[in-house]
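Work through the exercises below with the model open beside you. Try each task before you read its solution.

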Amino acid sequence: MNPKLEHILEKASQTLDMPIQLAAGMPRIELRGSNEAILESHSGVREYGENMIIVDTPLGPARICGNELTIRAMNEDKIIINGTIVSFEYI
């Protein structure tokens, strides 16, 4: 990353009290055990099924595989997925 841009993002993240990745628009993934995934900075759902959900992110599509997957909540920035999560990967 450009050092000047990195410095600007670092200042912005300190000012806004948020991780630098979020200030840069990078996705943030939080797995809570094997039953919940929270993905921030997404740009929509590409594919949705009981065993697989594909979400578009700034780093490319992210695939969540598991059983009985459901989208519990979603807004323009955050998506919460419940079910038995077996794997998470960028494709």
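A salt bridge is a side-chain nitrogen of Lys or Arg within 4 Å of a carboxyl oxygen of Asp or Glu. Keep in mind that this is a predicted model.

**Exercise 1. Test the pair Asp56 and Arg46 against the salt-bridge rule, then place both residues.**

Solution.
- Step 1: Find the distance. The side chains of Asp56 and Arg46 come to 2.9 Å, N to O.
- Step 2: Compare with the cut-off. A salt bridge needs the two atoms within 4 Å, so Asp56 and Arg46 form one.
- Step 3: Locate the partners. Asp56 belongs to strand β4, and Arg46 belongs to strand β3 (residues 45-48). The pair therefore ties together parts that are 10 residues apart in sequence.
- Step 4: Judge the surroundings. Asp56 has 19% relative accessibility, so Asp56 counts as buried. Arg46 has 54%, so Arg46 is exposed.

**Exercise 2. Say which residues are joined into one network by salt bridges that share partners.**

Solution.
- Step 1: Recall the principle. Side chains of opposite charge can pair when their charged atoms come close.
- Step 2: Get the total. The rule gives seven salt bridges.
- Step 3: Take one pair. Arg72 and Glu36 meet at 2.9 Å, N to O. Arg72 sits in strand β5 (residues 60-74) and Glu36 in strand β2 (residues 36-40), so this bridge links parts that are 36 residues apart in sequence. Arg72 is exposed at 53% relative accessibility. Glu36 is buried at 10%.
- Step 4: Take another pair. Glu30 and Arg28 form a salt bridge at 3.4 Å, N to O. Glu30 is partly exposed, with a relative accessible area of 23%. Arg28 is partly exposed as well, with 34%.
- Step 5: Return to the Asp56 pair. Its strands are β4 for Asp56 and β3 for Arg46. Now name the network: Arg28, Glu30, Arg32, Glu36, Glu40 and Arg72 are joined through shared partners.

**Exercise 3. Decide whether Thr57 is buried or exposed, and find what Thr57 touches.**

Solution.
- Step 1: Place the residue. Thr57 is in strand β4 (residues 52-57).
- Step 2: Read its relative accessible area, which is 8%. Buried means under 20%, so Thr57 is buried.
- Step 3: Look for a polar partner. The Thr57 side chain reaches the backbone oxygen of Gly60 at 2.6 Å.
- Step 4: List the contacts. Leaving out residues up to four places away in sequence, Thr57 touches Pro27, Leu39, Ser41, Ser43, Ala62 and Tyr90.

**Exercise 4. Classify the aromatic pair of Phe88 and Tyr90 as stacked, tilted or edge-to-face.**

Solution.
- Step 1: Count the candidates. The whole structure holds one aromatic pair.
- Step 2: Check the geometry. Phe88 and Tyr90 are 5.7 Å apart, centre to centre, with 85° between the planes.
- Step 3: Apply the cut-off. Planes over 60 degrees apart count as edge-to-face, so this pair is edge-to-face.
- Step 4: Add accessibility. Phe88 is partly exposed at 26%. Tyr90 is partly exposed at 34%.

**Exercise 5. Which residues form a nonpolar patch with Tyr90 on the surface?**

Solution.
- Step 1: Start from Tyr90, which lies in strand β6 (residues 78-90).
- Step 2: Check its relative accessibility. A patch residue needs over 30%, and Tyr90 has 34%.
- Step 3: Name the partners. Ile29, Leu31 and Leu59 join Tyr90 in the patch.
- Step 4: State the area. Together these four residues have about 340 Å² of accessible area.

Key: Residues numbered from 1 in each chain as written. Predicted model: local features only at pLDDT ≥ 70, side-chain atom pairs only at ≥ 80, totals over all residues. Heavy atoms only, no water. Patch = residues over 30% accessible without salt bridge, like charges linked within 9 Å, V, L, I, M, F, W, Y side chains within 5 Å. Areas by Shrake-Rupley, 256 points an atom, 1.4 Å probe, with all protein chains shown as cover. Helix = DSSP H or I, 4+ residues; strand = E, 2+ residues; numbered from the N terminus. Buried < 20%, exposed > 50% of the residue type's maximum accessible area, 1.4 Å probe, protein only. Polar contact = N/O pair within 3.5 Å; in protein donor to acceptor, adjacent residues only side chain to side chain. Contact = heavy atoms within 4.5 Å. Phe/Tyr/Trp six-rings, centres within 6.5 Å; stacked < 30°, edge-to-face > 60°.
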